[in-house]
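The following exercises are to be worked with the sequence and the coordinates at hand. Each task is followed by a solution in steps.

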Amino acid sequence: MLKVLLLFIILIVGVVLGPLLSGHQGYVLIQTDNHNITTSVTAMVIMFVLLQFLLILIGWCYRRLIRTSTFTHSWLFGGYKRSRARLQTKQALLKLAEGDFKQVEHLMTRNADHAENPVVNYLLAAEAAQQRGDYLRTNQYIERAAEVADKDQLPVDITRVRIQLAQGEVHAARNGVDKLLNHAPRHPEVLRLAEQAYTQSGAYQSLIDILPSLIKVGLCDEEHIHQLRQQAYIGLMNQIMAEKGSTGLKAWWKDQSRKLRNDIVLQVAMAEHLIECNDHDTAQQIVLNGLKQQYDERLLLLIPHLKADDAEAVQKSLAYLLKQHGATPLLNSTLGQVALHHGQWAEAETAFKAALAQRPDAHDYAWLADAFDRQHKREEAAQTRSKGFMLTLKRESDAEE
């Protein structure tokens, strides 16, 4: 534009100064019905230039007037609405602290388009509507927030997933979480929502996959991570058992790391699943191997439920535990139950008497009575059942008090 203007000026100067310097200014005649106007070319050009400047001045004044009018209108009306929006947003935040969600929704949406950050207003209004159970308005506010957010959709998507979880739309929330993790894999709130969505939807492998990220961002302590990991692997066991049975369980367990296979909670869960699948031999192997590595009563409690053919291996393991850890009531009771299961009535009697000498237990009294019955000791069996019955009544009375 500047080059054109300079070229135009040079042209005008040439037209004006050319004739003057040569002594020939030219002749211009403008003739009408009643008048004849004569002038030189130089004067005509000067008048034309002045007319152009006059038109430019009029245009500049007009634009200035329009801008001034627009600014005044914006200042008078837009500024008022922005001020009202700020005030209403502050009032809404106070109502949010009070738990008055109806007022929060009302104040957040009034003049929301004139607020400093309309997205925040619409998202808070959506959460308030969700708290009131108005799902239609909740979705409307979410969609409006998405419109005004333009390219910054992350806050909108996070709020949408949070509301979906609160409404019980677990699978929709999981789909939203998958997309969020692609865009913001280390975002703390995204990971927190992912934990909830994967846990509630049973996506245990996905839950396991995000555990390293949960640790890196410091969202959970080690104890919580450990519990999540155990929960996820037990959930995987349930899924594999339902789909592939004991064969799939054994193959999956074999592929896991040694550290995982040495986890007592997972050993107990795996053995329970195998017992449920009627694979007692593999379950017994897991229980006995676990007890060799670490004495734990949770594993010991599973032994009476085993129906494996190799009773001798169980008895050897229990004898070893007795030497290593002493004759605890649970060990003696377990020995008695194993002996009772395999028809070793005298050994069962001895074990249950040893367990009862250490602490009274209604179950042990009942099993000891069975051992007496098998040996045709009717009087001892009756006395033992009476003791167990009295112990049960006493404990029930103590519980009621």
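**Exercise 1. Classify Asp 279 as buried or exposed, and identify its salt-bridge partner.**

Solution. The model is a predicted one.

Step 1. The relative accessible area of Asp 279 is 12%. Buried means under 20%, so Asp 279 is buried.

Step 2. Asp 279 forms a salt bridge with Lys 250, and the closest N and O atoms of the pair are 3.3 Å apart.

Step 3. Lys 250 belongs to helix α10, whereas Asp 279 belongs to the loop between α12 and α13; the pair therefore ties together parts that are 29 residues apart in sequence.

Step 4. Lys 250 has a relative accessible area of 36% and is partly exposed.

**Exercise 2. Describe the environment of helix α12, its N-terminal cap and the residue with positive phi that follows it.**

Solution.

Step 1. Helix α12 comprises residues 264–276, 13 in number. From its first C-alpha to its last it reaches 18 Å, close to the 18 Å expected at 1.5 Å a residue.

Step 2. The helix is mostly covered, with 10 of its 13 residues buried. Among them are Ile 264, Leu 266, Val 268, Met 270, His 273 and Ile 275.

Step 3. The packing partners of these buried residues are α10 (222–255), α11 (258–261), α13 (280–293) and α14 (297–300).

Step 4. At the N-terminal end, Asp 263 acts as the cap of α12: one of its side-chain oxygens lies 3.0 Å from the backbone nitrogen of Val 265.

Step 5. After α12 comes Asn 278, with a positive phi near 65 degrees.

**Exercise 3. Compare the settings of the salt bridges Glu 189–Arg 192 and Glu 349–Lys 377.**

Solution.

Step 1. By the rule applied, the model has 17 salt bridges. One of the pairs is Glu 189 and Arg 192, whose side chains meet at 2.6 Å, N to O.

Step 2. Glu 189 and Arg 192 are 3 residues apart in helix α8 (residues 188–201), so about one helical turn separates them.

Step 3. With 19% relative accessibility, Glu 189 counts as buried. Arg 192 has a relative accessible area of 30% and is partly exposed.

Step 4. In the salt bridge between Glu 349 and Lys 377, the closest N and O atoms are 3.2 Å apart. Glu 349 lies in helix α17 (residues 345–358) and Lys 377 in the loop between α18 (362–374) and α19, so this pair ties together parts that are 28 residues apart in sequence.

Step 5. Glu 349 counts as buried at 8% relative accessibility, and Lys 377 as partly exposed at 27%.

Step 6. Shared partners also create a network of salt bridges, which joins Glu 127, Arg 162, Glu 189 and Arg 192.

**Exercise 4. Determine whether Thr 384 and Gln 337 are buried or exposed, and list their contacts beyond four places in sequence.**

Solution.

Step 1. Thr 384 is located in helix α19 (residues 378–400). Its relative accessible area is 7%, so Thr 384 is buried.

Step 2. Once neighbours within four places in sequence are set aside, the contacts of Thr 384 are Tyr 365, Leu 368, Ala 369 and Phe 372.

Step 3. Gln 337 is part of helix α16 (residues 329–341). Its relative accessibility is 18%, and Gln 337 therefore counts as buried.

Step 4. With residues up to four places away left out, Gln 337 touches Pro 304, Phe 352 and Trp 367.

**Exercise 5. Summarise the chain as a whole and locate a nonpolar patch on its surface.**

Solution.

Step 1. The secondary structure amounts to 19 helices and 2 strands.

Step 2. The chain has 401 residues, of which 37% count as buried.

Step 3. Among contacts in the chain with a separation of 6 or more, 50% are between residues 24 or more positions apart.

Step 4. The exposed area of the chain is about 24,800 Å², and 56% of this area comes from carbon and sulfur atoms.

Step 5. Leu 51, Leu 54, Leu 55, Leu 57, Ile 58 and Trp 60 make a nonpolar surface patch of about 590 Å². Of this group, Ile 58 lies in helix α2 (residues 41–98).

Definitions and conventions
Residues numbered from 1 in each chain as written. Predicted model: local features only at pLDDT ≥ 70, side-chain atom pairs only at ≥ 80, totals over all residues. Heavy atoms only, no water. Helix = DSSP H or I, 4+ residues; strand = E, 2+ residues; numbered from the N terminus. Buried < 20%, exposed > 50% of the residue type's maximum accessible area, 1.4 Å probe, protein only. Contact = heavy atoms within 4.5 Å. Areas by Shrake-Rupley, 256 points an atom, 1.4 Å probe, with all protein chains shown as cover. Expected span 1.5 Å × (residues − 1). Polar contact = N/O pair within 3.5 Å; in protein donor to acceptor, adjacent residues only side chain to side chain. Patch = residues over 30% accessible without salt bridge, like charges linked within 9 Å, V, L, I, M, F, W, Y side chains within 5 Å. Salt bridge = Lys/Arg side-chain N within 4 Å of Asp/Glu carboxyl O.
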